[in-house]
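Colleague: Please take one helix of this model and describe it closely, with its ends, its course and its packing against its neighbours. Please state the criteria behind each term as you use it.

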Amino acid sequence: MTTEIQTSQPNDYRKIKSRNSGQNWFQALVLLAPAAIWLLLLLVLPTLIIIQLSFVSGIKPGDIVNPDGFENYLRIFDPLYLQVIRRSLLLALATTGICLLLGFPVAFWIARMAPKRFRNLLLLAFILPLWTSSLLRSYAWITILRPTGLLNTVLAYFNLPALDLLNSTKAVLIGMSYSLLPYMVLILYASLEKLDKRLLEAASDLGANSIQVFWKVTVPQVFPGIAAASMLVFITGLGDYVNPELLGGAASMTAARLIYNQFLGAAQNWGFGSALSTVLILLVSLAIAFLIKLGGATPER
């Protein structure tokens with residue numbers, strides 16, 4: 001009799017555990033269903049359509065979709081379009097470098113040196129420009145950088161030569177760096193705020209100077225945050241359309257502007273625009289995969 005009771009108890013436990021597991025899965029599916037449907041309709045399906053269109057040469061609105069080869073992808077290897085992609089990559093990389101150089105000291109000061117009661121206020125003040133439209137921020141930079149703008153007015157007041165920055169790559173870099181700098185600061189702040197002070201004190205006690213402490217203690221601890229912030233800025237800068245369009249002029253053609261021209265501009269070549277979009281998606285996917293790999297790696301201590 002005792003043996004039968006002992007064997008029935010594990011069976012009942014398994015049944016209860018299986019029932020609870022099924023309920024948990026059902027609850028998870030209910031919670032995830034709205035987001036999954038949203039992503040399926042607005043991300044996965046449009047991406048699949050773009051990939052299908054990328055294999056149709058010369059397709060325009062209203063044409064029948066009939067994939068016929070890799071002509072659109074081969075066209076990308078034209079030196080003119082390769083130069084556009086190269087310029088887009090260099091702009092995104094330069095913007096990432098500028099944001100990292102400018103954002104790290106700011107994030108470090110707010111996270112480690114500013115009084116705690118003012119940190120949230122300082123962060124709010126720094127991200128305040130994000131509350132306005134990116135279009136308005138670009139037009140503000142036009143007002144500053146144009147030949148008769150604020151910058152040249154100040155330079156003329158001090159008898160300094162005027163600068164011709166508008167409609168140039170320099171203006172695009174300024175606008176993109178200004179727009180993406182708050183994202184860099186926010187992510188770096190989140191990493192630096194969790195910095196272990198005991199390791200910094202231990203390194204100082206062992207005779208390390210400030211530079212050694214920074215490179216061998218601080219950077220390894222916040223490296224995942226640096227990688228995440230850099231990838232976010234790079235990916236966003238790679239797909240930026242507003243700043244190159246308004247601040248760069250015709251000489252600063254980027255991949256995003258080229259794709260826009262293929263879909264909504266005079267070119268009206270949806271197949272080639274889809275091929276460019278697919279290549280851009282591939283580059284972003286590789287960047288995200290690189291970020292995931294860096295995030296999963298354990299930095300050396």
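Modeller: The account below follows helix 3 from its start to its packing partners. The model is predicted, so local features need pLDDT of at least 70 and side-chain atom pairs count only at pLDDT 80 or more, while totals for chains, interfaces and linings use all residues. Residues are numbered from 1 along each chain as its sequence is written, and side-chain values use heavy atoms, with hydrogens and water left out.

Helix 3 covers residues 79–113; helices are DSSP runs of H or I with at least four residues, numbered from the N terminus. At the N-terminal end of helix 3, Asp78 acts as the cap, with a side-chain oxygen 2.9 Å from the backbone nitrogen of Leu80 (a polar contact is a donor–acceptor pair of N or O atoms within 3.5 Å, and residues adjacent in sequence count only if both atoms are side-chain atoms).

The 35 residues of helix 3 should span 51 Å, and the end C-alpha atoms are 50 Å apart, which agrees (the expected span is 1.5 Å times one less than the number of residues). Helix 3 has a kink of about 30° at Gly103, shortly before Pro105; the bend is the angle between axes fitted to the seven residues ending there and the seven starting there.

The axes of helix 3 and helix 7 (residues 169–192) come within 6 Å and cross at roughly 40°, with axes fitted to C-alpha atoms over the stretch in contact and angles running from 0 to 180 degrees between N-to-C directions. Helix 3 is therefore oblique to helix 7 (under 35 degrees is roughly parallel, over 145 roughly antiparallel, 65 to 115 roughly perpendicular, the rest oblique). The contact of these two helices comprises 22 nonpolar, five polar and one charged residue (Ala, Val, Leu, Ile, Met, Phe, Trp, Tyr, Cys and Pro are nonpolar, Asp, Glu, Lys and Arg charged, the others, Gly among them, polar).

Helix 4 (residues 116–126) packs against helix 3 at about 160°, with the axes 9 Å apart. Helix 3 is therefore roughly antiparallel to helix 4.

Definitions and conventions
Helices (H or I, at least four residues) and strands (E, at least two) are DSSP runs, numbered from the N terminus.
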